[in-house]
Amino acid sequence: GKPAIKRKMSEVEDTLLRIKVQPGVEGYVICNKAGTVLRRFPSMSQELAEQYAEEMRPLAMKARGIIRDLDPNNELAYLRIRAKKHEVLTAFGAFSISHPRD
């Protein structure tokens, strides 16, 4: 019912707040399975959020497929990609961008 939805939304808002205040976090994008941006980091442009969603969606889908191919009873819950300048963390269709930590 409505109380459960409000509680879930409160959990989402709390999580986004924790992500926003983490050192080095430059943004986050929440999108649906079709890749439509539902929420984004306040200072991130809609265009950049859509670009990340468009680029990450097929990669996340391929990674999930590989995990299922290796073990049909397993499911990818989290994908971390780290480069020299940035790190992208993907979980259930949401991801955040941050500077990698040494």
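User: In this model, which residue stands opposite V29 in strand 2?

Analyst: To read a pairing, one looks across from one strand to its neighbour. In this predicted model, V29 faces R40 of strand 2.

User: How many bridges join strand 1 to strand 2, and do the strands run parallel or antiparallel?

Analyst: The two strands are joined by 3 bridges and run antiparallel. They form a hairpin with 5 residues between the strands, and in this hairpin G35 adopts a positive phi near 90 degrees.

User: Is strand 1 mostly covered or mostly open?

Analyst: Burial is read residue by residue, with under 20% relative accessible area counted as buried. Of the 7 residues in strand 1, 6 are buried, so the strand is mostly covered.

User: Which residues make up the largest nonpolar core?

Analyst: That core has 11 residues, among them L16, V25, Y28, V29, F41 and M44. Strand 1 (25-31) and helix 2 (46-70) each contribute at least two residues to the core. The greatest contribution comes from strand 1, which gives 5 residues.

User: How many aromatic pairs are counted, and how should their geometry be read?

Analyst: One reads the distance between ring centres and the angle between ring planes. The count here is 1 aromatic pair. The ring centres of Y28 and F41 lie 5.6 Å apart with their planes at 90 degrees, so this pair is edge-to-face. Y28 belongs to strand 1, while F41 sits in the loop between strand 2 (37-40) and helix 2, so the pair links distant parts of the chain, 13 residues apart.

User: Are Y28 and F41 buried or exposed?

Analyst: Both Y28 and F41 are buried, and both appear in the largest nonpolar core.

How values were computed:
Residues numbered from 1 in each chain as written. Predicted model: local features only at pLDDT ≥ 70, side-chain atom pairs only at ≥ 80, totals over all residues. Heavy atoms only, no water. Core = buried A, V, L, I, M, F, W, Y, C linked by side-chain atoms within 4.5 Å. Buried < 20%, exposed > 50% of the residue type's maximum accessible area, 1.4 Å probe, protein only. Helix = DSSP H or I, 4+ residues; strand = E, 2+ residues; numbered from the N terminus. Phe/Tyr/Trp six-rings, centres within 6.5 Å; stacked < 30°, edge-to-face > 60°. Pairing = 2+ DSSP bridges.
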